[in-house]
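I opened my notebook to look up how some helices sit against each other. Come along and follow with the structure beside you.

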Amino acid sequence: MKLKDEEIVKLLTAPQTVEKGLRAMMDIYQSRLYWHIRRLIVDHDQAQDVLQDTFIKAYQNIHQFKSDSKLYTWLYRIATNEALQQLNKMNRMRKTDEDAEYYMQNLVADNAGKDGEEIMILLQKAIQTLPEKQKLVFNMRYYDDLPYEEISKILDMSVGTLKTNYHYAKDKVEQYIKDNYSEEF
């Protein structure tokens, strides 16, 4: 039985039902959050770690949740922030002579598996070349099909700025694919 957000929050805030609330929250939102994180992080194991951190942070801060937004919007924002922190950590840890873009593109290809379709690999490589904000907006619109108003709440950006970022990102992705499709495949 799928619980409503209010019911989940109520379960999470009562000491005797915390575990049930956590299970319900994870059952409902785990898959969607995982794929959002995975598109940003790329690596499965690191995405799983970030997902766990997201649920831990949500549990620890459930008292800060304001019911003026959806629980998913709040969780999405936490997941996005955790993923960005992980990306920053990865960038700091990477060898200084290794180009971050090259690293992320190779990580995409390595995680695509043998059955990965070439155009999807190329699309992921193109997305990895985008600046961070454009990457976030593109993923949220293209993969998650979130409305700009929802993305605006998650990223705390104006709808106009989001539309501009998405437009630029889409153009860059299209150009990358046009420039590289025949070269790589």
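I started with helix 2 (residues 18-41) and helix 3 (residues 44-60), whose axes lie 9 Å apart and make an angle of about 140°. I keep in mind that this is a predicted model. The angle makes helix 2 oblique to helix 3. I noted the crossing of helix 2 past helix 3 as right-handed.

Next I looked up who meets whom. From helix 2, the residues in contact include Val18, Leu22, Tyr29, Leu33 and Ile41. Helix 3 brings His44, Val50, Leu51, Phe55 and Tyr59, among others. I sorted the residues of this contact and got 15 nonpolar, five polar and one charged.

Then I checked whether helix 2 is straight or bent, and found a bend of about 55° at Tyr29. Tyr29 is also one of the residues that meet helix 3. The end C-alpha atoms of helix 2 are only 29 Å apart, although a straight helix of its 24 residues would reach 34 Å. Just after helix 2 I stopped at Val42, which has a positive phi of about 80°.

My last entry is on helix 7 (residues 132-142) and helix 8 (residues 148-155). Their axes come within 10 Å and cross at roughly 140°, so helix 7 and helix 8 are oblique to each other. I wrote down a right-handed crossing here. Leu136, Val137, Met140 and Arg141 of helix 7 touch Tyr148, Ile151, Ile154 and Leu155 of helix 8. By my sorting, that contact has seven nonpolar residues, no polar ones and one charged.

Key
Residues numbered from 1 in each chain as written. Predicted model: local features only at pLDDT ≥ 70, side-chain atom pairs only at ≥ 80, totals over all residues. Heavy atoms only, no water. Axes fitted to C-alpha atoms, helices over the stretch in contact; angles between N-to-C directions. Helix = DSSP H or I, 4+ residues; strand = E, 2+ residues; numbered from the N terminus. Parallel < 35°, antiparallel > 145°, perpendicular 65-115°, else oblique. Left-handed = near helix turned anticlockwise from the far one by under 90°. Contact = heavy atoms within 4.5 Å. Nonpolar A, V, L, I, M, F, W, Y, C, P; charged D, E, K, R; others polar. Expected span 1.5 Å × (residues − 1). Bend = angle between axes of the 7 residues up to and from the residue.
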